[in-house]
Every structure is written in structure tokens, then in C-alpha cells.
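Hi,

Here is the structure I promised to pass on to you. Have a look at it first, and then read my notes underneath.

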Amino acid sequence: MGTTTPRLMIVALLSVTSMSLVPVLIKFTSANIETIGTARLAISLLALTPLMLFTRAFGQLNRRDWTWLLLAGLCFGLHWWTYFYAIKTAGAAAGAIAMSTFGIHLLLLNWIIHRHRVSLFECLLIGVSIVGCYLVVPSPTIDGAATLGFLVGLFSAFLYGAMPLMHRRIIHLPTTTRTWGQFAFAGVFFLALWPQTHWQLEPSDWWALLVLGTLCTLFAHALWVKASSELPGVVTSSIYYLYPPLTVVQSWFFLGETITTVTLVGTALIIGSNLILLMARWVRLRRLQQSVV
């Protein structure tokens, strides 16, 4: 189990703050979804591929490893595309709020795949999260595109929740290798969408893509890997849920998005239910470990 230190807490907070800029920058730039994904992945792979070659990591992979890297990468690529779509159509704040439901999706996936028991209390938390989504999503009669965008964001959160289950299959691989595989095969996904890319952009769009690829991807990911590897899981998971509130504030300040009281209540219900679910699972695990000892 990791240990909590002020330095590691600062590292985790810097990482989440950097990641919270992603929805704002995606909404800000006029670059389309395919262009944004291609640019972010290209920058990441340009940095990671030489490291993979230098450490001769490719020679350590077998067929099973390549298969799971392929599946994880394609899932990640679809997650990115749907997440970007949600942001572009529903707004930066709504996209981030939809993503905060991934904890509920992870619970349901563990129930479906690993047959983990879901308690009545956890079912209640799922219900609270659904109520929160109902409050956040705009009425189809008011803005059908935004409603569809939010629903696509929920599907993106489902894909994000599936990622840890795939990475468990290749947990023996170094983090750098798993990250490279995730980015590389997500690149294959976006390469298939290359005809949809559009590179005639304004200077401000290029700057946004550069910040997305460096600060919000490489820098934030490196810090998060360090923090999540050395801090207790319950601490890093709790810090991650600062992502949506930070994005909501930034979308209001930088993009002028309207944030209503109902939206804030719905967001609080979603994040609160996911956090309580996280804490309940952690307490259950601690009790189990103590009973074994």
C-alpha cells in the first residue's frame, strides 16, 4: 500500500489540474474530433516510441501481450472519440460530468465479468447517480444535440471504466509499455479516420493542440502514473474526482458556459455517489484484509 506525503499530493493535484484543461481546450479549438485525437496521439508516440526502442521493450512482448494491447488501444481510441464528441456537442462541463460516472460503470462491469456482488447500498448509489444524470442532461426538446452528446459521454465513461479491466490482463508489463500500446493502437483507430481530419487551422488552434499533446497528455500522464503508483488507491481515486468541478469552473470562466443550480446539484449527486461507492469498497477491502490477518 502506498504512503501519503505532501509532495505526492501536490504531484497528483498538478496532474488532475492539467487534465481538467482537456475539455476546455477541446471545446475552445475549432479543430475537429479526428484532428484533435490524431495530434495528441502523434505527439505522445513521438515521445514514447524512442524510449521503447532504447529499452528494447518490443522484444519482451508475446502474442498474448500484443492482443491485449490491441484491444486496450482500440477501446481507448473509441473512448477518446466519444469523449471529444460529448465535449463538442454538450459542452466542456457536461462532458467532464458525464465522465465522472465511470466508477459506477466499473462497478457494473465487475459484476458482469467477475460476478462481484453488488450490495443494496451500492444499488442505491447507482440510483442516486442516475438521478444526478437526469438533472444534468438537458431536455431533448430544448437541445437535442446536447442531450445526445451527454449520453455519448456516458458511453465514453463506460469505455473508460473498462480500461482497468483490460490492463489487469497485462499488469506484468511496465507502465511505459502499456501506455505506448494504448496510444499506438488508439492511433490505428484514428488513422482510419484520417480522411476526416482538417489541418487548415488558426495559430490559436495549433497552440491548443500543442498544449493538449504536451501538458495535458505527456506531462499530466507522467505525474499521474507516479502519484497513482505511490499513493494509496483511495487517495488517488478521490483526487481524480476533482477533475469535473475544476472543469466546470474553467468552462464557466474561460468559455462562458452557463452553469445552473440544477446542474450543480446533479453534479454533486454524481460525484458524491461515486465517492461514497469508492470509500465503501475501500472500507470493505480493509475489513477483509484485517480479518485475514
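Below is what turned up, going from the whole chain down to a handful of rings.

Before anything else, keep in mind that this is a predicted model.

Let's start with the fold. The protein chain has 13 helices and zero strands, so if you read along the sequence you just get α-α-α-α-α-α-α-α-α-α-α-α-α. As for overall dimensions, the C-alpha atoms fill a box of roughly 60 × 55 × 40 Å along the principal axes. Is that chain packed like a globule? For 293 residues, a compact globule would have a radius of gyration near 19 Å, and the protein chain has 19 Å, which agrees.

Next, the inside and the outside. Of the 293 residues, 47% are buried. Take the contacts with a separation of 6 or more: 88% of them are between residues 24 or more positions apart. On the outside, the protein chain exposes about 14,600 Å², and carbon and sulfur atoms supply 71% of that area. The chain also carries 17 positive and 8 negative charges, and the mean positions of these two groups are 18 Å apart.

Now for the part I liked, the aromatic rings. The count comes to 17 aromatic pairs. One of the pairs is Phe-58 with Trp-180: the ring centres are 4.8 Å apart and the planes are at 80°, over the 60 degrees needed, so this pair is edge-to-face. Where do the two partners sit in the chain? Phe-58 is in the loop between α3 (33–54) and α4 (63–90), while Trp-180 is in helix α9 (residues 175–191), 122 residues apart. Phe-58 counts as partly exposed because its relative accessibility is 24%, whereas Trp-180 is buried, with a relative accessible area of 10%.

Another pair is Trp-66 with Phe-185. Their ring centres lie 6.2 Å apart with the planes at 90°, so this pair is edge-to-face too. Trp-66 belongs to helix α4 and Phe-185 to helix α9, so the pair ties together parts that are 119 residues apart in sequence. Buried or partly exposed: which is Trp-66? Its relative accessibility is 31%, so Trp-66 counts as partly exposed. Phe-185 is buried, at 16% relative accessible area, which is under the 20% cut-off.

Put these together and you have a cluster: ring pairs link Phe-58, Trp-66, Trp-180 and Phe-185. Try finding those four rings in the viewer.

Cheers

How values were computed. Residues numbered from 1 in each chain as written. Predicted model: local features only at pLDDT ≥ 70, side-chain atom pairs only at ≥ 80, totals over all residues. Heavy atoms only, no water. Helix = DSSP H or I, 4+ residues; strand = E, 2+ residues; numbered from the N terminus. Rg over C-alpha atoms; globule rule 2.2 N^0.38 Å. Buried < 20%, exposed > 50% of the residue type's maximum accessible area, 1.4 Å probe, protein only. Contact = heavy atoms within 4.5 Å. Areas by Shrake-Rupley, 256 points an atom, 1.4 Å probe, with all protein chains shown as cover. Lys, Arg positive; Asp, Glu negative; His and termini not counted. Charge placed at Lys NZ, Arg CZ, Asp CG, Glu CD. Phe/Tyr/Trp six-rings, centres within 6.5 Å; stacked < 30°, edge-to-face > 60°.
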